[in-house]
Amino acid sequence: MPFKKMVERLTKPTEELDREQLTQFCDARSLAPLDTLEARRAVRVGGEVRSVRIVPRAGAPALEVAVSDGRGSVVAVFLGRRKIAGLSPGRKVALEGMVARVGNRSVITNPAYELLA
């Protein structure tokens, strides 16, 4: 059995192994899966920050942080912010707030956040 697992680890693509580890990390912390989010529901989700960008909204800056848990993704929008210390690509984070659907993506506006190990 250990030989089979070793062969599997050596033959699987790195992206798939990373996705599985990220999913296990989120499950261990009881964070809601991002692929099952419903609009207009308060949730606690988390995952790894994939991108951070500043987007002007109505003349004011807004920080958009894309977070993925290996199953789905969500965008956290922090209005009036240009940066948040510690939120950078590759960092794990938990978000808590109300989910909205904007087009085909899930968005949480001004969520409470917690930086994870």
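The buried residues of helix α2 pack against four elements in this predicted model: α1 (2-11), β1 (42-57), β2 (60-68) and β4 (92-102). These buried residues are Leu17, Leu22, Thr23, Phe25 and Cys26. An α-helix has 3.6 residues a turn, so residues three or four places apart point the same way. In α2, Leu22 and Cys26 are both buried. The packing partners of this buried set include a helix, α1, and three strands, β1, β2 and β4.

Helix α2 covers residues 14-28, 15 residues in total. From its first C-alpha to its last, α2 reaches 21 Å. That is close to the 21 Å expected at 1.5 Å a residue. Just past the end of α2, Ser30 adopts a positive phi of about 55 degrees.

Strand β1 pairs with β2 and with β4. The β1 and β2 strands run antiparallel and are joined by nine bridges. Within this pair, Ile54 of β1 stands opposite Leu63 in β2. The two strands form a hairpin with two residues between them. In this hairpin, Ala58 takes a positive phi near 55 degrees. Strands β1 and β4 are also antiparallel, with seven bridges between them. Here Arg44 stands opposite Glu96 in β4. The strands β1, β2 and β4 also receive the buried residues of α2.

The protein as a whole contains two helices and six strands. Read from the N terminus, the order is α-α-β-β-β-β-β-β. Both helices thus precede the strands in the sequence. The C-alpha trace spans about 60 × 25 × 25 Å along its principal axes. Among contacts with a separation of 6 or more, 52% are between residues 24 or more positions apart.

Of the 117 residues in the protein, 35% are buried. The exposed area is about 7,300 Å². Carbon and sulfur atoms supply 52% of that area. The protein carries 20 positive and 13 negative side chains. The centres of these two sets lie 6 Å apart.

Technical notes: Residues numbered from 1 in each chain as written. Predicted model: local features only at pLDDT ≥ 70, side-chain atom pairs only at ≥ 80, totals over all residues. Heavy atoms only, no water. Buried < 20%, exposed > 50% of the residue type's maximum accessible area, 1.4 Å probe, protein only. Contact = heavy atoms within 4.5 Å. Areas by Shrake-Rupley, 256 points an atom, 1.4 Å probe, with all protein chains shown as cover. Lys, Arg positive; Asp, Glu negative; His and termini not counted. Charge placed at Lys NZ, Arg CZ, Asp CG, Glu CD. Expected span 1.5 Å × (residues − 1). Pairing = 2+ DSSP bridges.
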